[in-house]
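Visitor: Could you take me through one part of this model up close? I'd like to look at the pockets, and at the residues that shape them.

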Amino acid sequence: NAIKETAAGSSLINTWIWQKSIGGSENPYEATPKSIGFNKKVVFTENGRVITYKNNVEIRNSAYQIEKGKGSADKLEHDLITFEGKTYVIENLDNQNLTIVSNGQDGTRTIFKR
């Protein structure tokens with residue numbers, strides 16, 4: 001299983017609580033659970049699934065994939081994660097924090113905490 005072979009894959013497996021999303025230069029905004037009126041969390045499982053919850057109700061269950069690839073903003077190699085039809089650069093991943101950045105024009109940054 002390719003997911004577990006990367007360091008990102010092993011530290012990703014957990015429940016992550018959404019803290020905020022910050023829009024990129026083309027669409028600057030900041031959204032938080034308080035500003036949009038609901039809580040969101042994602043659970044990355046060992047068997048390659050990501051389960052999305054809105055106010056603790058499961059709303060999506062789909063596969064995810066981690067691979068090395070180039071970031072659209074800096075053209076450097078990063079761990080990329082793809083799920084729900086979008087690819088993100090894993091900008092920060094440690095025991096407490098997960099920050100993913102949309103790997104496209106908008107560059108929206110989404111921040112989760114464990």
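**A look into the pockets**

Guide: Sure, let's start with what the walls are made of: the lining of the largest pocket splits into 9 nonpolar, 5 polar and 5 charged residues. Bear in mind that this is a predicted model. Mean pLDDT for the protein comes to 91, with 94% of the residues at 70 or more. Going by element, strand 4 (residues 49–54) has the highest mean pLDDT, 98, while helix 1 (residues 2–5) has the lowest, 48.

Back to that pocket. The largest pocket holds about 380 Å³ of space, and 19 residues line it. Nearest its centre you'll find S21, K40, K86, Y88 and T110. As for where the lining comes from, two or more residues each are given by strand 1 (14–22), strand 3 (40–44), strand 7 (86–93), strand 8 (97–102) and strand 9 (109–113).

Two of those central residues deserve a closer look, S21 and T110. S21 belongs to strand 1, and T110 sits in strand 9. Their side chains are joined by a polar contact of 3.5 Å. Are they buried or exposed? T110 has a relative accessibility of 11%, so it counts as buried. S21 is buried too, since its relative accessible area is 10%, and the cut-off for buried is under 20%.

Now for their surroundings, skipping residues up to four places away in sequence. T110 is in contact with W18, K20 and S21, and also with L98, T99 and I100. On its side, S21 touches Y29, E30 and A31, plus T108, R109 and T110. So each of the two turns up in the other's list of contacts, with that side-chain polar contact of 3.5 Å between them.

R109, one of the residues S21 touches, brings us to the second largest pocket. About 220 Å³ of space lies there. Of the 17 residues that line the second largest pocket, R109 is among the closest to its centre, along with A73, D74, V101 and S102. Strand 7 and strand 8 each put at least two residues into this lining, and both strands also give two or more to the lining of the largest pocket. The make-up of the second lining is 3 nonpolar, 10 polar and 4 charged residues.

Note on methods
Residues are numbered from 1 along each chain as its sequence is written. This is a predicted model: local features need pLDDT of at least 70, side-chain atom pairs count only at pLDDT 80 or more; totals for chains, interfaces and linings use all residues. Side-chain values use heavy atoms; hydrogens and water are left out. On a 1 Å grid over the protein atoms alone, a cavity is a set of points where a 1.4 Å probe fits but cannot get out, and a pocket is an open set with protein on both sides within 12 Å along at least five of seven lines; lining residues have an atom within 4 Å of a point. Grid points are joined across faces, edges and corners, and a volume is the space filled by probe spheres set on the points. Helices (H or I, at least four residues) and strands (E, at least two) are DSSP runs, numbered from the N terminus. Ala, Val, Leu, Ile, Met, Phe, Trp, Tyr, Cys and Pro count as nonpolar, Asp, Glu, Lys and Arg as charged, and the others, Gly among them, as polar. pLDDT is the predictor's confidence in each residue, from 0 to 100. Buried means under 20% relative accessible area, exposed over 50%, partly exposed in between (1.4 Å probe, protein chains only). A polar contact is a pair of N or O atoms within 3.5 Å; within protein, one must be able to donate a hydrogen and the other to accept it, and residues adjacent in sequence count only if both atoms are side-chain atoms. Contact means heavy atoms within 4.5 Å.
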